[in-house]
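Got your viewer open and a selection box ready? Load the model below and follow along, one stop at a time.

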Amino acid sequence: MTDNPLEQLTLDDLRRRTSVKWRAYPPDVLPLFVAEMDTPVAPPVVDAVRAALALGDTGYDVGTAYAEALGPFARERWGWAPDVASSRTMPDVMVAIVEVLRVLTAPGDAVVVTPPVYPPFYGFPGNEGRQVVEAPLGADLRLDLGTLEAAFARVTGAAAHGTGPGSGRRAVLLLCNPHNPTGTVHTRAELEAVLALADRYGVRVVADEIHAPFTFERVAAGAPAFVPLLSVAGSERAIVVQSASKAFHLAGLRAAVALGGPDAADDLRRIPEEAGHAVNHLAVLAHAAAYRDGGPWLDALLTGVHANRGLLARLLAEHAPAVRLQPADATYLAWLDLRATLPGGVPAADAAAFVLERGRLALEDGVRFGAGGAGWLRLNLATSTAVLTEAVERLGRALVAPV
């Protein structure tokens with residue numbers, strides 16, 4: 001058996017799964033939309049879950065086991081030591097973010113997002129009565145300080161280049177670090193500038209760092225390393241949420257941990273105790289095992305995904321040369337620009353539906369990612385070379401088929 005986790009299951013194996021990736025569409029559709037990986041689960045995680053089930057260790061979760069397991073992983077990979085003592089184990093990343101937003105803001109307050117960005121950044125805050133305000137990425141698909149400052153000034157009522165909030169309204173910048181869907185790794189300088197700008201306007205920064213383990217510096221020379229937000233100067237009041245679920249294929253065993261800078265520890269303590277009642281103890285054991293013992297498996301996976309990113313570029317050049325692949329240094333997701341290749345009469349907003357109908361290929365619709373997403377599609381690279389090849393061939397056939 002190959003060491004590459006992406007090559008260990010056949011398409012027939014995968015179609016026996018019952019998760020959303022394999023049940024949302026008919027069997028003739030090739031699904032590369034949602035962030036589920038076509039891998040087995042890392043053996044240390046399987047062993048930990050099996051041992052817990054054999055022992056009946058399926059009760060209620062307690063303590064800081066999650067952050068304790070994350071600590072050595074974070075120090076070895078990123079040179080950063082999380083504050084275990086003030087951490088809060090949570091049921092899920094977005095649940096954790098909602099609980100943090102409840103502490104930092106009130107209904108009617110603003111949550112600033114940087115589209116195109118992970119779609120739940122709209123729904124979850126909106127469902128809590130928060131006003132979601134867009135500060136789109138720049139033309140280079142990186143954070144745009146001018147756009148952010150204009151948004152901060154608008155939501156706080158302060159003048160541009162101000163020194164603090166004007167109206168007294170509270171606001172949060174919800175940051176994706178690394179960025180989904182573009183695969184951008186924010187630099188330390190970018191994060192420092194964003195934190196300084198947010199502090200000037202009294203805006204709190206909350207970061208979703210679920211894709212943190214999925215940068216390629218360990219397997220690709222010159223690839224930028226992930227920078228934990230809480231390792232950056234000016235992050236004393238920031239809060240981040242981390243999880244092993246994306247990197248270790250554990251979406252069905254969700255858990256997360258909220259961590260804060262020293263001046264945010266009281267905010268984490270204000271999250272009600274009941275917010276942790278839904279934490280899945282078995283999931284915490286699985287995530288902890290992944291952090292402790294899953295490093296070699298993860299590195300093999302990173303090598304496979306990095307190779308797939310190169311393969312995707314070559315396949316697109318052969319089968320769909322007008323499709324532009326956004327360069328990326330993180331995540332197992334690819335951001336594809338179809339705006340120049342859609343047949344005449346097909347609106348950019350219909351790109352996903354067109355590819356699904358004509359190519360029987362399910363990719364994530366860029367429209368769902370907010371401003372700037374129309375005409376773009378997100379493709380999941382965490383699959384075998386055979387499936388990826390078939391996917392791009394289907395995409396190419398769809399784009400040249402008569403309308």
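**Start at a strand pair**

Select A334 and you'll find it standing opposite L379 in strand β13. (Helices here are DSSP runs of H or I with at least four residues, strands are runs of E with at least two, and both are numbered from the N terminus.) Before going further, note that this is a predicted model, where local features need pLDDT of at least 70, side-chain atom pairs count only at pLDDT 80 or more, and totals for chains, interfaces and linings use all residues. Residues are numbered from 1 along each chain as its sequence is written, and side-chain values use heavy atoms, with hydrogens and water left out.

Now widen the selection to β10 (residues 333-337) and β13 (residues 376-380). These two pair in the antiparallel sense over five bridges; strands count as paired if DSSP finds at least two bridges between them.

Colour β10 by accessibility next. Five of its five residues are buried, so β10 is largely enclosed by the rest of the structure. Buried means under 20% relative accessible area, exposed means over 50%, and partly exposed is in between, using a 1.4 Å probe and protein chains only. One side of β10 carries L333, W335 and D337, the other A334 and L336, and both faces are covered.

**Out to the sheet edges**

Where does β10 sit in its sheet? Show the four strands of this open sheet, and read off the order β9-β10-β13-β12, with antiparallel pairing. β9 (324-325) and β12 (364-365) stand at the edges with a single partner strand each, so one side of each has no neighbour in the sheet. Zoom in on β9: two bridges tie it to β10, and L325 has L336 as its bridge partner there.

**Into helix α11**

Jump to L301, in helix α11 (residues 295-319). Is L301 buried or exposed? Its relative accessible area is 0%, so it counts as buried. Leaving aside residues up to four places away in sequence, L301 touches P5, L6, M37, T39, F214 and A247, where contact means heavy atoms within 4.5 Å. Add P181 to the selection and draw a distance: its C-alpha atom is 19 Å from that of L301, and the two are 120 residues apart along the chain.

**Backbone oddities**

Stay with P181, in the loop between β5 and α8. The peptide bond from N180 to P181 is cis, with omega near 25 degrees. P178 lies in the loop between β5 (171-176) and α8 (188-201) too, and the N177 to P178 bond is cis, with omega near -5 degrees.

Two more residues to check on your Ramachandran plot: L141 has phi near 60 degrees, a positive value in a residue other than glycine. Find L141 in the loop between β4 (131-134) and α7 (145-156); at 11% relative accessibility, it counts as buried. H249, in the loop between β7 (239-242) and β8 (256-260), has phi near 55 degrees. H249 is buried as well, with a relative accessible area of 18%.

**Zoom out**

Finally, show the whole protein chain: 13 helices and 13 strands, with its C-alpha atoms filling a box of roughly 55 × 55 × 40 Å along the principal axes. Of its 403 residues, 57% count as buried. Contacts between residues 24 or more positions apart make up 72% of those with a separation of 6 or more.
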